[in-house]
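Colleague: I would like to go through the labels on this model. For each one, tell me what stands behind it.

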Amino acid sequence: MRSLPVADPGVPDARSPVRYLCWTARMQAGPLLVGIGYAILWWLAMALVPAAMGKGIDAITARDMPALVTWGAVLSGLGIVQAATGILRHRMAVYNWLSAAYRTVQVTVRQATRLGATLPKRMSTGEVVSVGNSDIAHIGNAMDILLRGSGAIVAIGTVTVILLRTSLPLGLMVLIGVPVMAAAVFPLLRPLNRRQHAHRDLQGDLATRGADIVTGLRVLRGIGGEQVFADRYTEESQKVRHAGVRVASVESMLEGAQILLPGLLIAGVTWLGATFATRGEITAGQLVAFYGYAVFLVAPMRTLTEAADKLTKGHVAARRVVRILTLEPEVHGGTGHSDGGLLRDVASGVAIHPGVFTAVAASTTEDAIAIADRLGRYSDGDVDFGDVPLETLPIAEVRRRILVADNGAKLFAGVLRDELDISGEASDEDLANALYTACAEDIVEALPDGLDGHVAESGREFSGGQQQRLRLARALTADPEVLILIEPTSAVDAHSEARIADRLAKARAGRTTLVCTTSPLVLDRTDQVIYVEDGIVRAQGTHRELLATVPAYTALVTRGEDS
């Protein structure tokens with residue numbers, strides 16, 4: 001059994017952000033090691049330049065022309081190596097950045113697909129969107145900095161060894177100074193982590209607020225609420241700004257430390273080296289080399305400080321990803337199989353007979369949705385499919401055979417044909433029949449490219465009634481073994497509703513169908529109506545039979561008709 005139950009079986013034991021980052025590194029171990037190798041060569045080529053330059057100066061002082069030519073050639077070779085490895089290191093850095101970032105996208109999308117209806121119940125839209133907007137960049141940066149950071153450590157170690165062999169006091173100054181600078185920066189990392197985490201939370205909340213406003217803009221304008229929600233968005237955006245400033249205050253201290261601390265080390269090494277040179281303890285070339293090393297150490301030290309910052313941000317981002325990956329679906333499937341038959345919800349008593357066009361008229365919409373969710377295995381419940389408990393079937397089989405279509409379903413951006421035919425197996429005739437049944441032919445005819453027309457995000461170019469009819473056409477095109485529709489005509493006019501009800505009954509004749517509705521126009525076309533009150537079946541029969549015998553049912557559908 002995997003420690004972390006995600007759709008990608010290659011994400012084991014990643015319940016913490018650190019473990020997730022380690023898993024990401026293991027998944028691209030080869031490119032990372034190659035990139036680290038290039039980074040080490042790149043840093044070493046730079047680190048050896050001061051030594052070669054010092055030797056060259058000593059050769060000039062000694063008027064040793066062969067030595068001068070030799071060390072000049074060494075300097076040229078180091079420059080060539082530095083240029084070549086710098087290009088290759090950068091290439092591998094970009095590769096590893098993209099690999100880590102989009103591997104995160106892949107595992108997140110697979111987990112989102114696995115969670116299905118559970119995800120929006122557990123996390124807000126903004127939190128999920130922010131993973132793709134910002135978190136992947138921070139995780140990619142964390143992998144990127146491993147290359148230069150590893151090389152920087154090797155470079156600092158190499159310079160320290162050279163300095164110790166040349167002058168013990170200077171070497172010890174560097175050897176002690178580097179850990180002291182690292183210790184001075186460390187206290188800034190904890191508040192940075194905390195403030196970045198708070199900033200990230202606020203960004204997710206703001207993204208959720210923005211998505212809600214955009215989605216409900218038409219309604220807000222209808223009730224005159226644009227300014228109210230704009231003010232709320234402004235208020236929340238200011239909170240994000242203030243949180244960002246708090247993060248920036250710590251980051252500015254880190255940036256200052258990147259200049260100040262190495263600068264102090266340079267000054268100390270230069271002063272001590274100059275003192276030794278005046279005493280004749282080191283040569284002029286060695287003094288130049290020591291100064292070059294002191295200046296050079298600024299770069300790897302800044303890289304280590306940058307690594308601390310980026311790894312901290314990567315840790316915060318990975319925490320968000322891990323939160324998604326550790327979510328469990330509300331329902332689980334088994335390994336059983338069913339030949340179909342009666343679909344029955346034991347809790348309510350609702351039973352859908354094979355080949356029958358059935359309707360559920362519930363006293364509250366919540367009861368109807370709860371029944372549909374249990375029948376479609378979107379929530380736990382005692383449901384039988386034929387002579388087999390529905391929970392014993394694999395979730396993929398349940399989704400393939402039982403389709404629940406409600407008004408919360410989204411129209412995605414893309415070509416309309418692909419939007420309606422999600423399997424890619426429907427013929428033009430199948431699409432035409434589905435559009436006819438849903439009374440949606442006029443929608444397609446109004447598009448310049450017809451079925452090849454482009455649908456914008458959430459189908460925003462369509463009205464509410466048009467979106468509902470297209471969603472119905474999509475459900476009909478799927479042609480599942482059992483189709484469950486929740487209020488499929490609530491947003492259309494009475495004439496369209498009557499046509500849809502009549503065509504739907506004919507299109508699904510002989511197919512197992514359940515419609516959750518209180519519309520008399522739809523109920524009158526069904527083979528059987530089940531009246532549900534307080535979540536329990538109270539009466540069954542045809543629409544006209546129930547009107548004549550059940551006053552509560554009559555009152556329910558009459559209100560629906562009057563409204």
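Modeller: Start with W43, in this predicted model. W43 has a relative accessibility of 2%.

Colleague: Why is W43 called buried?

Modeller: Buried means under 20% relative accessible area. W43 is at 2%, so W43 counts as buried.

Colleague: What makes W43 and F296 an aromatic pair, and why is the pair called edge-to-face?

Modeller: Two values decide that. A pair of aromatic rings is described by the distance of the centres and the angle of the planes. The search of the whole structure finds four aromatic pairs. In the pair of W43 and F296, the centres are 6.0 Å apart, and the limit is within 6.5 Å, so the two rings pair. The planes are at 75°, and over 60 counts as edge-to-face, so that is the label.

Colleague: Which parts does this pair tie together?

Modeller: W43 lies in helix α2 (residues 29-47), and F296 lies in helix α11 (residues 284-296). They are 253 residues apart in sequence, so the pair ties together distant parts of the chain.

Colleague: Is F296 buried or exposed?

Modeller: Buried. F296 has a relative accessible area of 10%, and the cut-off is under 20%, so the label holds.

Colleague: Which residues form a cluster with this pair?

Modeller: W42, W43 and F296 form one aromatic cluster.

Colleague: How do you know that R89 has its charge over the ring of W42?

Modeller: The charged end of R89 is 4.4 Å from the ring centre of W42. The distance limit is within 6 Å, so that part of the test is met. The direction must also be within 35 degrees of the ring normal. R89 is listed as sitting over the ring of W42.

Colleague: Where else does an arginine lie over a ring?

Modeller: R399 lies over the face of Y378. The distance to the ring centre is 3.9 Å, again within 6 Å.

Colleague: Now the helices. Why are α1 and α12 called roughly perpendicular?

Modeller: The axes of α1 (residues 17-27) and α12 (residues 298-325) cross at roughly 95°. Angles of 65 to 115 count as roughly perpendicular, so α1 and α12 get that label. Their axes come within 8 Å.

Colleague: Which residues make the contact?

Modeller: From α1 come P17, V18, Y20 and L21. From α12 come G314, H315, A318, R319, V321, V322 and L325. By class, the contact has eight nonpolar, two polar and one charged residues.

Colleague: What makes A51 partly exposed?

Modeller: A51 has a relative accessible area of 23%. Buried is under 20% and exposed is over 50%, so A51 falls in between. A51 is in helix α3 (residues 49-61). Beyond its neighbours within four places in sequence, A51 is in contact with A289 and Y293.

Colleague: And R246, why the label partly exposed?

Modeller: R246 has a relative accessible area of 43%, which lies between the two cut-offs of 20% and 50%, so the label is partly exposed. R246 lies in helix α10 (residues 226-279). The C-alpha atoms of R246 and L192 are separated by 8.7 Å, with their places 54 residues apart along the chain.

Colleague: Why is R63 called exposed?

Modeller: R63 is at 78% relative accessibility, and exposed means over 50%, so R63 counts as exposed. R63 is found in the loop between α3 and α4 (65-115).

Colleague: What is noted about the phi of R63?

Modeller: Phi of R63 is near 55°, a positive value in a residue other than glycine. Most residues other than glycine have a negative phi. E487 also has a positive phi, near 45°. E487 is in the loop between β9 and α19.

Colleague: How do you know that T489 is buried?

Modeller: T489 has a relative accessible area of 3%, under 20%, so T489 is buried. T489 is in the loop between β9 (482-486) and α19 (494-507). Leaving aside neighbours within four places in sequence, T489 is in contact with Q468, E497, I500 and V522.

Colleague: Last one. What makes A413 exposed?

Modeller: A413 has a relative accessible area of 53%, and the cut-off is over 50%, so A413 is exposed. A413 is found in the loop between β6 (402-405) and β7 (414-415). Past the neighbours within four places in sequence, A413 is in contact with V455, A456 and E457.

Methods
Residues are numbered from 1 along each chain as its sequence is written. This is a predicted model: local features need pLDDT of at least 70, side-chain atom pairs count only at pLDDT 80 or more; totals for chains, interfaces and linings use all residues. Side-chain values use heavy atoms; hydrogens and water are left out. Helices (H or I, at least four residues) and strands (E, at least two) are DSSP runs, numbered from the N terminus. Buried means under 20% relative accessible area, exposed over 50%, partly exposed in between (1.4 Å probe, protein chains only). Contact means heavy atoms within 4.5 Å. Rings of Phe, Tyr and Trp (its six-membered ring) pair if their centres lie within 6.5 Å; planes under 30 degrees apart count as stacked, over 60 as edge-to-face and the rest as tilted. Axes are lines fitted to C-alpha atoms, for helices over the stretch in contact, and angles run from 0 to 180 degrees between N-to-C directions. Angles under 35 degrees count as roughly parallel, over 145 as roughly antiparallel, 65 to 115 as roughly perpendicular and the rest as oblique. Ala, Val, Leu, Ile, Met, Phe, Trp, Tyr, Cys and Pro count as nonpolar, Asp, Glu, Lys and Arg as charged, and the others, Gly among them, as polar.
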